[in-house]
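Subject: The structure we talked about

Hi there,

Here is the structure I promised to pass on. My notes on what turned up in it follow below, so keep it open while you read.

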Amino acid sequence: MATCLRSTTGRAFVTHQLRRSLVSGASSSLLAKYSATATTRSTGAFGQRQLQQAGDQGSRPFNTKGARTSPSSHTSTDATDLPFLLYTGRTPNGRKTSIYLEELKAAYGVAYHVQAIDISTGVQKEPWFLEMNPNGRIPVLVDRVRQGFVVFETAAILLYLAQRCDTRFKFWFDPVREPQEYSVMLQWIFWAHGGLGPMQGQSNHFQRFAPEDIPYAKKRYLDETERLYGVMQLRLAGRDFLAGSGKGKYSLADINAFPWVAGHSFSGVESLEKWPGLNAWFQRISGREEVQRGLAIPA
């Protein structure tokens, strides 16, 4: 049975936070500031009627048969009825989470609501956000079923969602039955978080945003990004995906790395043709409808 449940007694985390602020005497300007800096979008396969059927027992499982559902069907008219709330933006780290949620939505009917965060405004550094993530970064996931439990850091969010919702191990590996494959998946996730993301992120900064032109920094981080692409090429030569036996299985390891590679041109890497295995992997994942929908979130 799927463990990814919706509590009918849960309350939206934002509502909870605002109520706490007002009760403690904080100014209602927090509500105005919140409304002015975040836009909303709800998405999912469960609708109002399905959630109401949970009755007084407090929870209802998602589609445990793994049936694929139309992304536009049964859209909830009340975003607070959706089990997950995702604070995110149009960055590689944000897109990892939205891609996985779209995969889970298609595979299991998992529903979620999006709060778009414009990091250029600095809203992610405000007290209400820092209460969720002291590091002041997106994405952040709120599990409304578990009394507004908050998860930050992208890899932690991906693994949390896998444990909560992906009960058929469609996008990860069973740590008990497939311990080696599970370990390999973790290795590539941690590799991306320790190398690919930070180095390509620095290339983005010095290529696009630095207030002064520093040729050494631009070359250093572009060269390191290309070196890391070469590491992926070594792994993907003769394989379809990063983890799994044989040619591999599409998993969190791929979802975690893909958005960075998808932004290669923004980082100064004009083409992936010099890494044929990596390029084939990129094209293979790019063709998934769920990936395309995840890349478009938030709108």
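Let's begin with a pair of helices, H6 and H7, which are roughly antiparallel to each other. Please keep in mind throughout that this is a predicted model. Helix H6 covers residues 154–165, and its angle to H7 is about 155 degrees, with the two axes 10 Å apart. Anything over 145 degrees counts as roughly antiparallel. On the H6 side, the residues that meet H7 are Thr154, Ala155 and Leu159. Their partners in H7 are Met185, Leu186, Ile189 and His193. By class, this contact has 5 nonpolar and 2 polar residues, and no charged ones.

H7 also packs against H9, at an angle of about 10 degrees and with the axes 9 Å apart. H7 and H9 are therefore roughly parallel to each other. From H7, the residues in this contact are Met185, Trp188, Ile189, Ala192, His193, Leu196, Gly197, Gln200, Gly201 and Asn204. H9 answers with Leu252, Ala253, Asn256, Ala257, Trp260 and Val261. The contact of H7 with H9 divides into 10 nonpolar and 6 polar residues, again with no charged ones. If you colour Met185, Ile189 and His193 in your viewer, you will find them in the contact with H6 and also in the contact with H9.

A third helix pair is H8 (residues 215–236) and H10 (residues 276–286), with an angle of about 85 degrees and axes 7 Å apart. That makes H8 roughly perpendicular to H10. Tyr229, Met232, Gln233 and Leu236 of H8 make this contact with Pro276, Gly277, Leu278 and Trp281 of H10. By class there are 6 nonpolar residues, 2 polar ones and no charged ones here.

Now for the pocket. The largest pocket holds about 970 Å³ of space. It is lined by 35 residues, and those closest to its centre are Thr91, Pro92, Asn93, Gly201 and Trp260. Helices H4 (92–108), H7 (179–209) and H9 (252–262) are the elements that give two or more residues to the lining. Which of them gives the largest share of the lining? That is H7, with 10 residues. Two of the central residues link back to the helix packing: Gly201 of H7 and Trp260 of H9 are also part of the contact between those helices.

The lining of the largest pocket is mixed in character, with 13 nonpolar, 16 polar and 6 charged residues. Where does the largest pocket lie relative to domain 1 and domain 2? Both domain 1 (84–166) and domain 2 (179–289) give residues to the lining, so the pocket lies between them.

Finally, a few backbone details to look at:

- The peptide bond from Ile138 to Pro139 is cis, with omega near 5 degrees. Pro139 sits in the loop between helix H5 (127–130) and strand S6 (140–143).
- The peptide bond from Ile297 to Pro298 is cis as well, with omega near -5 degrees. Pro298 belongs to the segment after helix H11 (289–295).
- Gln147 is not a glycine, yet its phi is positive, near 55 degrees. You will find Gln147 in the loop between S6 and strand S7 (149–152).

Happy to go through any of this with you on screen.

Best wishes

Conventions. Residues are numbered from 1 along each chain as its sequence is written. This is a predicted model: local features need pLDDT of at least 70, side-chain atom pairs count only at pLDDT 80 or more; totals for chains, interfaces and linings use all residues. Side-chain values use heavy atoms; hydrogens and water are left out. On a 1 Å grid over the protein atoms alone, a cavity is a set of points where a 1.4 Å probe fits but cannot get out, and a pocket is an open set with protein on both sides within 12 Å along at least five of seven lines; lining residues have an atom within 4 Å of a point. Grid points are joined across faces, edges and corners, and a volume is the space filled by probe spheres set on the points. Helices (H or I, at least four residues) and strands (E, at least two) are DSSP runs, numbered from the N terminus. Ala, Val, Leu, Ile, Met, Phe, Trp, Tyr, Cys and Pro count as nonpolar, Asp, Glu, Lys and Arg as charged, and the others, Gly among them, as polar. Domain bounds come from an automatic or database domain assignment. Axes are lines fitted to C-alpha atoms, for helices over the stretch in contact, and angles run from 0 to 180 degrees between N-to-C directions. Angles under 35 degrees count as roughly parallel, over 145 as roughly antiparallel, 65 to 115 as roughly perpendicular and the rest as oblique. Contact means heavy atoms within 4.5 Å.
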